[in-house]
Amino acid sequence: MIATANIQYAWTLFVPEIQQTFGWERASIQIAFTIFVIVQTWLAPIEGYFIDKFGPRLMVAFGAVFIGLAWIINSQATSLTGFYIGAAIGGIGVGSIYATCINNALKWFPDRRGLAVGLTAGGYGAGSAATILPIAAMIDSSGFQETFFFFGILQGSLAFAAAWFLRSPKKEEIKTSDKIVQSRRDYTLKEAMSTRLFWLMFFMFICVVTGGMMAVAQLGVIAQDLGVKEFEVNMYFFTMAALPLALMLDRIMNGISRPLFGWISDNIGREKTMVIAFTLEGLGIIALGYFGHNPWAFLFLSGLVFLAWGEVYSLFSALAGDAFGTKHIGKIYGVLYTAKGIGALFVPVGNLLMEATGTWSTVLYTVAAMDLLAAFLAIVALRPIYAAHVSRSTVSKKTTRTDDLGDAVAAPSH
């Protein structure tokens, strides 16, 4: 997961250099990021099928080849089409690795799903923290083409080597948790998608992920437009420009948030944790739009936004495992995860909205409202609907249950 992180999280460092070299519009370049996320997320249900069929080792090895190839293509690209192809190849690679690792964590640790998935996703969230400065330095010294090539080879090789240490749990190695309220049966994808719970989670996922995706892709651009990109931050022991320091801190906070909020959700419940995290993110984004012109405020608030955003990948995946079981979780969470792809569609729209209004505040306030809406839904809608869903899942095999759409369905055994 660490080896795949730069494809998404270091992209913002390359955008200004690509624009300066080729003179393309910023929004046109950012379409590559949107393509990457769409491919990564919308192929997840298909990848879930292959995970169940071939196991984690082959899937991660396959993904490793593709993440290396993606940045090699970027290093040679001289047209927007070339970068778009590289983005699509990278999306396939990252999606294969990400989906496999998350699904494996869900299966291994039913009583600690939030923490286990959070630690796993944390590798992706914080994975680029150690390489942000080397990548930025290499771009300055050798150009973005050589940087793409070198790190493409490095990342692909590391992920390929790690693939062969993975395996899925055997049936006797796991047991259902008696601490966390969970469904006592495994839903098929069709059954899961026939519930109100699934679509409520899907809508909330879109609301929350949009703001974070905007920040991930646009942070460098936002820093430049707010006038804080080149500000030298004096930390007494060292001095660093505000943007790379913010990116490094944000990656660390993003990585911490996933296991932290996952662990919290294992102890107080997923819904309560969502209320806390989503509210924190919404308020942080509002403050970033208001105070972002101050370099110190920019550093602190961008870190807060990433702290409160990264947890979506541990909370929604853990809740999906709790609600629908793990036998078909690859396919079920794969469909749920496409919400990230929908959120990515708003990244270029954010540029257009900023150019139309002349300020990033309009964009930031819009996505903050979506975060606060998700926090509201977590307590007033998600909590009662989930409780009713789990209650129905415990009905015995001989009992006929009525699903959320009103259709009579024979309930499988526990």
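Select Val208 to begin: apart from neighbours within four places in sequence, Val208 is in contact with Phe278, Glu281, Trp309, Val312, Asp371 and Ala374, where contact means heavy atoms within 4.5 Å. The model is a predicted one, in which local features need pLDDT of at least 70 and side-chain atom pairs count only at pLDDT 80 or more, while totals for chains, interfaces and linings use all residues. Residues are numbered from 1 along each chain as its sequence is written, and side-chain values use heavy atoms, with hydrogens and water left out.

Val208 lies in helix H11 (residues 196–226); helices (H or I, at least four residues) are DSSP runs, numbered from the N terminus. With a relative accessible area of 0%, Val208 is buried; buried means under 20% relative accessible area, exposed over 50% and partly exposed in between, for a 1.4 Å probe and protein chains only. Next, add Ala308 to the selection: its C-alpha atom is 9.8 Å from that of Val208, although the two residues are 100 apart along the chain.

Move to Thr338 in helix H16 (residues 329–344). Is Thr338 buried or exposed? Thr338 is buried, because its relative accessible area is 11%. Residues up to four places away in sequence aside, Thr338 touches Thr41, Trp42, Pro45 and Phe202.

Now select Ile379, in helix H18 (residues 361–393). Ile379 is partly exposed, at a relative accessible area of 36%. Its contacts, leaving aside neighbours within four places in sequence, are Val275 and Pro384. The C-alpha atoms of Ile379 and Val275 are 6.8 Å apart, with the two positions 104 residues apart in sequence.

The next stop concerns aromatic rings. The structure holds 29 aromatic pairs; rings of Phe, Tyr and Trp (its six-membered ring) pair if their centres lie within 6.5 Å, and planes under 30 degrees apart count as stacked, over 60 as edge-to-face and the rest as tilted. Select Phe14 and Trp71: their ring centres are 5.4 Å apart and their planes stand at 70 degrees, so this pair is edge-to-face. Phe14 belongs to helix H2 (residues 11–22) and Trp71 to helix H5, so the pair ties together parts that are 57 residues apart in sequence. Phe14 is buried at 0% relative accessibility, and Trp71 is buried at 2%.

Keep Phe14 and add Phe148, its partner in a stacked pair with 4.0 Å centre to centre and 10 degrees between the planes. This pair links distant parts of the chain, from helix H2 to Phe148 in helix H9 (residues 144–163), 134 residues apart. To show the cluster that ring pairs form here, select Phe14, Phe22, Trp24, Trp71, Phe83, Phe144 and Phe148.

For the last stop, turn to the cavities. How many cavities of 30 Å³ or more does a search of the whole structure find? The search finds three; on a 1 Å grid over the protein atoms alone, a cavity is a set of points where a 1.4 Å probe fits but cannot get out, and lining residues have an atom within 4 Å of a point. The largest cavity holds about 100 Å³ of space; grid points are joined across faces, edges and corners, and a volume is the space filled by probe spheres set on the points. Select its lining: Ile7, Trp11, Ala32, Phe33, Phe36, Ala70, Trp71, Asn74, Phe83, Gly86, Ala87 and Gly90. Helix H6 gives the most to this lining, with four residues.

How values were computed: On a 1 Å grid over the protein atoms alone, a cavity is a set of points where a 1.4 Å probe fits but cannot get out, and a pocket is an open set with protein on both sides within 12 Å along at least five of seven lines; lining residues have an atom within 4 Å of a point. Helices (H or I, at least four residues) and strands (E, at least two) are DSSP runs, numbered from the N terminus.
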